[in-house]
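Biologist: I'm new to this structure, so please take me through it step by step. I'll ask, and you can show me how you reason.

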Amino acid sequence: MLGLDLGQARIGVAISDDDRRMAVPLGTIRTGAPEDVKAIARIVAENGVTEVVVGLPLRLSGESGEAADHASKFAEALRGFLQVPVALQDERLSTVQAERDLRSAGVRGRSRRAVVDQAAATVMLQSFLDRQARPG
């Protein structure tokens with residue numbers, strides 16, 4: 001499973017293990033159509049990905065805003081291009097959590113900015129995996 005955290009300049013990418021228990025960072029992709037979608041398609045093919053999860057940045061109130069609308073449209077574009085299911089996952093505060101985790105790990109300044117997108121994708125994908133694993 002592949003997780004995508006859409007940013008202004010980069011898309012953070014995370015991938016799960018085959019058992020869909022743990023998400024790990026995979027890297028980033030520069031935004032810009034159609035190259036970003038083609039890069040995602042390459043990652044899907046190279047890694048045998050069977051599902052893609054796009055982070056949906058809802059407002060704290062739960063309402064959809066401009067960023068969430070963009071994520072929904074991006075997911076729809078991926079559905080038209082990829083041969084695997086594409087889901088949306090609420091990602092409120094995933095970047096905040098990623099920043100906190102990186103800060104606790106001692107990652108500072110430029111180093112943190114360079115990896116925060118993929119860390120946010122990892123937080124979002126792990127949340128999706130955990131939700132899928134819960135019974136009921």
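Biologist: Does Arg 79 count as buried, exposed or partly exposed?

Modeller: Buried means under 20% relative accessible area, exposed over 50%, and partly exposed in between (1.4 Å probe, protein chains only). Arg 79 has a relative accessibility of 34%, so it counts as partly exposed.

Biologist: Good start! What kind of model is this?

Modeller: Residues are numbered from 1 along each chain as its sequence is written, and side-chain values use heavy atoms, with hydrogens and water left out. Local features need pLDDT of at least 70, side-chain atom pairs count only at pLDDT 80 or more, and totals for chains, interfaces and linings use all residues, as this model is predicted.

Biologist: Which residue forms a salt bridge with Arg 79?

Modeller: A salt bridge here is a side-chain nitrogen of Lys or Arg within 4 Å of a carboxyl oxygen of Asp or Glu. The closest N and O atoms of this pair are 3.0 Å apart. The partner of Arg 79 is Glu 76.

Biologist: By how much of helix α2 are Glu 76 and Arg 79 separated?

Modeller: Helices (H or I, at least four residues) and strands (E, at least two) are DSSP runs, numbered from the N terminus. An α-helix has 3.6 residues a turn, so residues three or four places apart point the same way. Glu 76 and Arg 79 are three residues apart in helix α2, so their separation is about one helical turn.

Biologist: How far apart are the end C-alpha atoms of α2?

Modeller: The expected span of a helix is 1.5 Å times one less than its number of residues. For the 16 residues of α2 (residues 66-81), that gives 22 Å. The model agrees, with an end-to-end C-alpha distance of 23 Å.

Biologist: Within what arc do the buried residues of α2 fall?

Modeller: The buried residues are Ala 68, Ala 71, Phe 74, Ala 75 and Leu 78. The arc is that of the directions from the helix axis to the C-beta atoms. These residues line one face of the helix, because seen down the axis they fall within an arc of 120°.

Biologist: Which residues are exposed on the other side of α2?

Modeller: The buried residues of α2 pack against β1 (2-6), β2 (10-16), α1 (35-47), β4 (52-56) and β5 (86-90), where contact means heavy atoms within 4.5 Å. On the other side of the helix, the exposed residues are Glu 66, Lys 73 and Gly 80.

Biologist: How many salt bridges does the structure hold, and how many residues apart in sequence are the parts that Asp 117 and Arg 10 tie together?

Modeller: The structure holds four salt bridges. In one of them, the side chains of Asp 117 and Arg 10 meet at 2.7 Å, N to O. Asp 117 lies in helix α4 and Arg 10 in strand β2, so the pair ties together parts whose separation in sequence is 107 residues.

Biologist: Which of those two, Asp 117 or Arg 10, counts as buried?

Modeller: Arg 10 has a relative accessibility of 29%, so it is partly exposed. At 11%, the buried residue is Asp 117.

Biologist: What is the relative accessibility of Gln 118?

Modeller: Gln 118 is in helix α4 (residues 109-133). Not counting residues up to four places away in sequence, Gln 118 touches Gly 12, Val 13, Ala 14, Pro 25, Leu 26, Gly 27 and Thr 28. Gln 118 counts as buried because its relative accessibility is 15%.

Biologist: Now α3. Against which elements do its buried residues pack?

Modeller: The buried residues of α3 are Ser 94, Ala 98 and Leu 102. They cover an arc of only 70° around the axis, which puts them on the same side of α3. Their packing partners are β1 and α4.

Biologist: Where is Pro 34 found?

Modeller: The peptide bond from Ala 33 to Pro 34 is cis, with omega near -5°. Pro 34 itself is in the loop between β3 (23-30) and α1.

Biologist: Last one: what is phi of Arg 20 near?

Modeller: Arg 20 lies in the loop between β2 and β3. With a relative accessible area of 30%, Arg 20 is partly exposed. Its phi is positive, in a residue other than glycine, and is near 60°.
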